[in-house]
Amino acid sequence: MANREIIIVGGGMVGALSALLLAKHGDTLHLIEKSPVLMPEQGEPFDLRVSAFSAQSKHLLEQAGVWDDIPLDRLCAYQGLETWEKGSQKLAFSSDDIGAEQLGYIAENRWIQTVLWQRLKQLANVHFYEQTEVVNITQHVDTENKNQHVDAENKNSQRIVTVTLADQQTIRADLLLACDGGNSGVRKHLQLPVTSWDYRQHCLLINITTDCAQQSVTWQEFRETGPCAFLPLAGNNASLVWYHSPQKIKLLQSLNNQQLKQTILAEFPKLEFDFEVHNKGGFPLTRRHAKKYYQGSVVLVGDAAHTINPLAGQGVNLGFKDVQCLVELLTQCSDLSIPEILKRYQCQRRPANLLMQTGMDVFYKVSKSDDPLIRIIRKSFLGVAQQSGQIKNRVMRYAMGIN
Ligand SMILES: Cc1cc2nc3c(=O)[nH]c(=O)nc-3n(C[C@H](O)[C@H](O)[C@H](O)COP(=O)(O)OP(=O)(O)OC[C@H]3O[C@@H](n4cnc5c(N)ncnc54)[C@H](O)[C@@H]3O)c2cc1C
């Protein structure tokens, strides 16, 4: 079915990318975003929310036609990734080892959202509903569609989705994509069950400027209190990520920038340059996974379906893989009904997301364990992995989404 009417709730990175790819295909999009989308100015200080984007995510943004819109002074390509346990050997990955120019890119979430919105605003088949919220969602079987088979219980029948907004405006569509983030109101409204737990850890994001450019290597040191990471940003900018107990993060947040700098110098892994702290913010870490990704003609995409420990920087990359899968099914299998497409989407994406979530959890638990046996195995593994070109290269290609 071509020229569908599609509602997207949530215009973050995942919702905006979905909207753009589907709009380019000729569908009519209704994009609902509750927060003001503020277009950042060039030269503004770096925002705290940054993400590492894989080669595969870059490819999708290229396909959407926005990659070249990201200002070069907001984009950092990195060639090296190093990880180690405090006091032990480094495991170092390099783009040279797999003949790639870089391992990935780091950019602010809001710039990715901005370049997507700028393109969306140029399209006549995208309608915007900004700073408003969905107050009701109903679905009914599409009895007018003569091409579809309506089964006895209506389980596999095409549904029409009707959304009511806070101002009582209603929108009708063939499909609704819930891209409204980890606390998805759509998911709650439909009472789609989730498994979730708190990691009982928070992380502090700290933006710094450095006395020299630091773009080429990102690193992470594992400690029993949680990882400490360094993410290079464009120019003389970087982001420090400090995982710790909620109490410790609250304490760090209460420090002024100068006091925080002194604490970083005393407690964070050694930084090889001088720096100034500019901004900081704490985030709780929660894992969630929806047990079902769709109901009728409503489907969960990105963080609305799954949130993951950010230690390996995979959250939005998984969200973009969801987008790619769903858009491919919608555009290439147009002979299939929406329920069949959503079923296939769930079959492809849920196991893959679960595997990544579980892998990250095992890694996280093992990295924090002070059990002597696990410590020996952990150190030996890092040593063996460093020596084994093949294992390293496979891990690297998987993380880059080019396996
Ligand atoms: C500390 C931290 C570091 C991270 N680092 C990385 C990284 O390096 N790499 C990576 O891949 N991922 C990373 N992530 C994960 C990444 O940030 C998320 O996966 C990504 O932002 C999810 O995008 P999304 O569009 O699905 O959801 P969101 O970014 O949450 O966007 C949801 C949008 O929906 C809107 N919305 C919400 N409710 C409604 C409603 N009722 N009606 C209308 N609109 C609504 C919101 O305003 C928002 O614009 C990190 C996460 C954290 C917490």
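**Exercise 1.** Which residues point one way from β7, and which point the other way?

*Solution.* The model under study is predicted.
Step 1. Locate the strand: β7 covers residues 104-108.
Step 2. Sort its side chains by direction. G104, I106 and E108 point one way, while Y105 and A107 point the other way.
Step 3. Consider burial, for which the cut-off is under 20% relative accessible area. Five of the five residues of β7 are buried, and the strand is thus described as mostly covered.

**Exercise 2.** Determine which strands pair with β7, and identify a residue pair for each.

*Solution.* Recall first that strands of a sheet pair through backbone hydrogen bonds, either parallel or antiparallel.
Step 1. Strand β3 (residues 50-53) runs antiparallel to β7 and is joined to it by four bridges. Here F53 stands opposite Y105.
Step 2. Strand β4 (residues 75-78) also pairs with β7 in the antiparallel sense, over four bridges. In this pairing, A107 of β7 is the bridge partner of L75.

**Exercise 3.** Describe the open sheet that contains β10, and explain why one side of β9 and of β11 is left without a neighbour in the sheet.

*Solution.* Step 1. Write down the order of the three strands: β9-β10-β11, with antiparallel pairing.
Step 2. Examine the edges. β9 (134-141) and β11 (170-173) each have a single partner strand, so one side of each lacks a neighbour in the sheet.
Step 3. Consider the twist. On average, neighbouring strands of this sheet are turned by 20 degrees against each other, direction ignored.
Step 4. Inspect one pairing in detail. Seven bridges connect β9 with β10 (residues 159-165) in the antiparallel sense. Q139 has V161 in β10 as its bridge partner.

**Exercise 4.** Trace the pairings of β17 with β13 and with β20.

*Solution.* Step 1. β17 (residues 275-290) pairs with β13 (residues 194-210) in the antiparallel sense over 14 bridges. Within β17, N279 stands opposite N207.
Step 2. β17 also pairs with β20 (residues 306-307), again in the antiparallel sense, over two bridges. H289 stands opposite H306 in β20.

**Exercise 5.** Compare the span of helix α7 with the expected value, and decide whether the helix is largely enclosed or not.

*Solution.* Step 1. Helix α7 (residues 315-332) has 18 residues.
Step 2. From its first C-alpha to its last, α7 reaches 26 Å, close to the 26 Å expected at 1.5 Å a residue.
Step 3. Of the 18 residues of α7, 14 are buried, and therefore the helix is largely enclosed by the rest of the structure.

Methods. Residues are numbered from 1 along each chain as its sequence is written. This is a predicted model: local features need pLDDT of at least 70, side-chain atom pairs count only at pLDDT 80 or more; totals for chains, interfaces and linings use all residues. Side-chain values use heavy atoms; hydrogens and water are left out. Two strands pair if DSSP finds at least two bridges between them. Axes are lines fitted to C-alpha atoms, for helices over the stretch in contact, and angles run from 0 to 180 degrees between N-to-C directions. The expected span of a helix is 1.5 Å times one less than its number of residues. Buried means under 20% relative accessible area, exposed over 50%, partly exposed in between (1.4 Å probe, protein chains only).
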